[in-house]
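Good morning, colleagues. I should like to take you through one structure today, moving from a single residue to the elements around it. Please keep the model in view as we proceed.

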Amino acid sequence: MTSHDPESSPRRAARAEAERLATAALALPAAPVEDTPVESAVPTRRERRRETPAPDAARPGRSGVRRLAPVLLRRRLAVVAAAVIVVAGCAVAIGAAASGGEPDAATEAVAQIDGPPPVADDGIPVPQLTAVAATATPCDDPVFTAALASGDDAAVIDAAGGGQAFRAAVASGIAPCVSLSDPNREWLVVNKQRPYDPVDYQPSDLVMPDNVRALEDSALRAPAARALTSLVKAASEAGAGEIGYLSAYRSYTTQKSTYAGRVAIGGVAEADRESARPGFSEHQSGMAVDIVPCNGSCKTLDDVAASPQGAWVREHAWEYGFITRYAEGRESVSGYEPEAWHLRYIGPELARAYHEGGFTTLEEFFGLPAAPTY
Ligand SMILES: [Zn+2]
């Protein structure tokens, strides 16, 4: 500011005079006023002029404490308050505009401000933190983990909220406590990229299914055996004919000779398309079975697809906990040519989710990478 500023000179004189009179009348020591946060509001040019003390006014000490007379202090506070109101009002208006509010609402908000508002709590937009639901993992649920520890697969899936919820949790990666490599679980996934661990795993509850024609002395794990009995009975009652089976559980050792026999006939490439290497076969789990249609005598695996039994199984196997593991046209994911005869037991709840979800590979069902080759 320059000394010849026509606007401020009379005001400075008046202010100086008022201060002098007030100081003389009260004869009180000027109260120290500390810098307050409101002074940090950016003043206008005019306010900066007013801020500048008159020549005979107390100047700010080096300590930063200002000594101002009460009258001057009140004026200054009034000026600062006005500045704050203007700033707050602008902020309210900007906030209302930004939030798409009505202009009238912004005006009302300003009108309601009485004195130096610390914050216009109904006008200035406050950043809204979007509420993000905590990721609910079944692995944090004591009921789920207790069921998992008990070895009861059905109870685990029930605790997860059903087959679809279980699948979704596992496929999305939020259920790391569920292992798709555990050979004792109905949700085991074995393919050309996922061998058994241990490689010579052997199930402990193998039984021969009741009332099912077995062409080989080949057992299934108890739940799968019971399910096969129910499936075969239902197919028969539905008029689809008798379903027998050739091969169910095959040990690591058996698979070794089976695979070696295929290699001897057609070479490794051919063998890998039709048979699993030892340690990589679903049959080693005791939860896979190769069915055949029987009408008096039983036919071959290749006869399943075109048989009434094959048609019935495609429609209803899921109701008994089985899926057609190697479906038509999915070799690039499953690693195997279609096998209408090869049923895999995954339990009724997961099989329902598989069926209702329209899945055709277990890899996609659980969000696993494709496994076309070893
Ligand atoms: Zn098979």
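Which residues does Leu220 touch, not counting residues up to four places away in sequence? The model before you is a predicted one, and in it Leu220 touches Leu206, Val207, Pro209, Ala225, Leu228, Ala248, Tyr249, Gly286 and Val289. Leu220 itself belongs to strand 4. With 29 other C-beta atoms within 10 Å, Leu220 is buried. The C-alpha atoms of Leu220 and Met208 are separated by 6.2 Å, although these residues stand 12 apart along the chain.

Allow me to set this residue against the whole. The protein has 374 residues, of which 31% count as buried. There are 13 helices and 9 strands. Among the contacts with a separation of 6 or more, 67% are between residues 24 or more positions apart.

Two of the contacts of Leu220, Ala225 and Leu228, bring us to helix 8, which runs over residues 222–237. Helix 8 contains 16 residues and reaches 23 Å from its first C-alpha to its last, close to the 22 Å expected at 1.5 Å a residue. Its buried residues are Ala224, Ala225, Ala227, Leu228, Leu231, Val232 and Ala235. These cover an arc of only 160° around the axis, and therefore lie on the same side of helix 8. The general principle is familiar: an α-helix has 3.6 residues a turn, so residues three or four places apart point the same way. After helix 8 comes Gly239, with a positive phi near 85°.

Let me turn to the loop between strand 3 and strand 4, where Asn211 is found. Asn211 is not a glycine, yet it has a positive phi of about 55°. Is Asn211 buried or exposed? Asn211 is exposed, because just 10 other C-beta atoms lie within 10 Å. Arg213 has its place in that loop between strand 3 and strand 4 as well. For Arg213 the number of other C-beta atoms within 10 Å is 13, so this residue is partly exposed. Leaving out residues up to four places away in sequence, Arg213 touches Glu242, Gly244, Cys294 and Cys298. From C-alpha to C-alpha, Arg213 and Tyr245 are 6.5 Å apart in space, and 32 residues apart in sequence.

The loop between helix 7 and strand 3 holds two prolines of interest, Pro195 and Pro198. What is the peptide bond from Asp197 to Pro198? That bond is cis, with omega near 5°. Pro195, for its part, is partly exposed, with 19 other C-beta atoms within 10 Å. Beyond its neighbours within four places in sequence, Pro195 is in contact with Gly279 and Phe280. Pro195 and Phe280 are 85 residues apart in sequence, while their C-alpha atoms are 4.7 Å apart in space.

I come next to helix 7, residues 163–172, and helix 12, residues 348–356. At what angle do their axes cross? The two axes come within 8 Å and cross at roughly 75°, so helix 7 and helix 12 are roughly perpendicular to each other. On the helix 7 side, Gly163, Gln164 and Arg167 take part, and they meet Glu349, Leu350, Arg352 and Ala353 of helix 12. By class, this contact comprises 2 nonpolar, 2 polar and 3 charged residues.

Helix 12 has several buried residues, namely Pro348, Glu349, Leu350, Ala351, Ala353 and Tyr354. What covers them includes helix 6 (153–160), helix 7, strand 8 (322–324) and helix 13 (362–365). Helix 12 is followed by Gly358, whose phi is positive, near 70°.

One residue remains, and that is Tyr259 in helix 9, which spans residues 252–274. Tyr259 counts as buried because it has 21 C-beta neighbours inside 10 Å, the threshold being 20 or more. Setting aside neighbours within four places in sequence, Tyr259 is in contact with Ala271, Ser275, Ala276, Arg277 and Pro278. Tyr259 and Glu274 are 15 residues apart in sequence, with 9.1 Å from C-alpha to C-alpha.

To close, I return to the opening residue: Leu220, in strand 4, is buried, whereas Asn211, in the loop between strand 3 and strand 4, is exposed. Thank you for your attention.

Note on methods
Residues numbered from 1 in each chain as written. Predicted model: local features only at pLDDT ≥ 70, side-chain atom pairs only at ≥ 80, totals over all residues. Axes fitted to C-alpha atoms, helices over the stretch in contact; angles between N-to-C directions. Helix = DSSP H or I, 4+ residues; strand = E, 2+ residues; numbered from the N terminus. Parallel < 35°, antiparallel > 145°, perpendicular 65-115°, else oblique. Contact = placed C-beta atoms within 7 Å. Nonpolar A, V, L, I, M, F, W, Y, C, P; charged D, E, K, R; others polar. Buried ≥ 20, exposed ≤ 12 C-beta atoms within 10 Å, placed from the backbone. Expected span 1.5 Å × (residues − 1). Arc of directions from axis to C-beta.
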